[in-house]
Amino acid sequence: MCQVGEDYGDPAPEGPPPPRPGLRSREPKCVKCKEGVPVVVIRAGDAFCRDCFRAFYVHKFRAVLGKNRLIFPGEKVLLAWSGGPSSSSMVWQVLEGLSRDSAKRLRFVPGVIYVDEGAACGQSPEDRAKTVAEMKLILQTLGFPWHIVALEEVFGLSPSVLRCSAQEPVGAVGTYKVAVDSFLQQQHTLGTERAGGSPSPTQGEERLSPPGTQESQDPAGPPPAAQTEALSRLFGSVKTLTAKEEFLHTLRTHLILHVARTHGYSKVMTGDSCTRLAIKLMTSLALGRGAFLAWDTGFSDERHGDVVVVRPMRDHTLKEVAFYNRLFAVPSVFTPAIDTKAPEKASVHRLMEGFLLRLQAQFPSTVSTVYRTSEKLVKAPRDGCAAGPRCLLYSATAFGAQTSGFSQTQPPTPRAGAGAPTEVGGAQDRCQGAGPCGSSVPAGRTPEPASSSSYAMAAVRT
Amino acid sequence: MTLWAPPLPLVATGSGREGRKFKGISCELGFLNMAAPLSVEVEFGGGAELLFDGIKKHQVTLPGQEEPWDIRNLLVWIKKNLLKERPELFIQGDSVRPGILVLVNDADWELLGELDYQLQDQDNILFISTLHGG
């Protein structure tokens, strides 16, 4: 595997890397319409003009949603907005998508949530108040119901966060089509019913959930100082930046899911871009989360039962997002995060980010290769709902519980042994070869950590 | 426009132009091989402004110098004059750190030659950081 800066015997040429094909030729025309002046280079050498780039970007967003067919018409979807470029772009796309003519209009009902993480990042109360005020300004222009929650509210979460409610099986394509057709018919009849008044296309949606009456959740004031203090102490007690980042991510996810559940949202959309997901994939491998890669980096994450996390921006690279935001004036707010101005080696995340981006500069297909690999990860089917204890941090069946899949002949015992997310048959065969698990796993045996590699092997089918 | 006397001996008739690389702006009286002072706007976004005292837009006047101004020289100038802290978070080697996008007049710098693009007067150069936490 190539390494940046590695010497292969003869000295590597100093100075800028050799020109990549197509870039230095500086084609004066857009590759798509052959007419416009190109403004941005996507991938390796495809120059797009402004309008073609916009069409390309929007099309990708719609295609990802359309291809996966998970969001049903009329569904309530919570958009997780951090203020950063990717999530702002996502919110903007949803805004634009909802306002199109009826044939191509997006058909779900959005809400927006912003989590104020100032306490974890060590921001002063004045700075936090200023940031929240800025966010509020933007949120109010959107027209969706919005929620601003402080991270301190995570102390008030009930254990119901971990409850695995009955999972509805992911509908087949037929179900989706049926749902869309019936929704369209409903719209049509509504339109003809309102003979007198102006049958605007949004009337149908307003019947489902009038945005005016939905309360936008505004924090009454800054959270109690005791909670802020407790949160700062909590983060202060975490020794490494890597652990802090992971912890923050987990808490934020729990909080967003909680808000989604209490307000009746069935889907959550996060703005993870292609580049971020590639970095996340490599970081998760380094941190030992290989078993959950398919859920962590895939389009949908159904581990939480009734609320499904969806990632519509996963086809867009950060470069495309940044260009789009600049060219089409998408409002976004930069807030200092927990790792702002951290040096390169401060955490595994930063290190991986630096590595991937440096590699990308020399080999422009790096990020897309990692992304394509992540697409091939298969989520192993679950054997019903986990009866065993669930891990608080990862919202998945406790690590010790995953071995029951190997002991196919044993009945699922009430010990931590139910609900194996791994492929049952194949893994068992594989496990018999590996040392630590032994040839058969009796019920009372707890797994060694070395068995995690077999889970990753079972999960990755390339 | 002032005429700068070139450092090498010059034949009075102006034929010293031969054999010398022609750079910069010429006027009817002769030629210049020094770049005139340039006025450009340098912008930072995506968190990069944190390294520049939080100021996003800087209107700068680059002094006249021997070689024409290109992005490479501009980066050196920025490092010396504008960058307040942590240069390694912005510049790596003689280019920007991977993850920082450069736009010249709202166009990708890859289309313009990256570091070798020669600056024009009133250009707008924007640096957007796509890195986590600026």
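A polar contact is a pair of N or O atoms within 3.5 Å; within protein, one must be able to donate a hydrogen and the other to accept it, and residues adjacent in sequence count only if both atoms are side-chain atoms. In this predicted model, local features need pLDDT of at least 70, side-chain atom pairs count only at pLDDT 80 or more, and totals for chains, interfaces and linings use all residues. Residues are numbered from 1 along each chain as its sequence is written, chains are lettered from A in the order in which they are written, and side-chain values use heavy atoms, with hydrogens and water left out.

Between chain B and chain A there are 7 residue pairs in polar contact (both at pLDDT 80 or more). Of the strands of chain B (DSSP runs of E, at least two residues, numbered from the N terminus), three each supply at least two residues of the side that touches chain A:

| Strand of chain B | Residues |
|---|---|
| S7 | 100-104 |
| S8 | 107-108 |
| S9 | 124-129 |

S9(B) gives the most to that side, with 3 residues.

The two chains also share 5 salt bridges (a side-chain nitrogen of Lys or Arg within 4 Å of a carboxyl oxygen of Asp or Glu). One of them joins the side chains of Glu43(B) and Arg326(A), at 3.4 Å, N to O.

In contact (heavy atoms within 4.5 Å) are 28 residues from chain A and 32 residues from chain B. The buried area, meaning the accessible area (1.4 Å probe) that two parts lose on being put together, summed over both, is about 2,600 Å², and carbon and sulfur atoms give 55% of it. On the chain B side, Glu110(B), Leu111(B) and His132(B) lose the most area to chain A, together 23% of what that side buries.

Definitions and conventions. Helix = DSSP H or I, 4+ residues; strand = E, 2+ residues; numbered from the N terminus.
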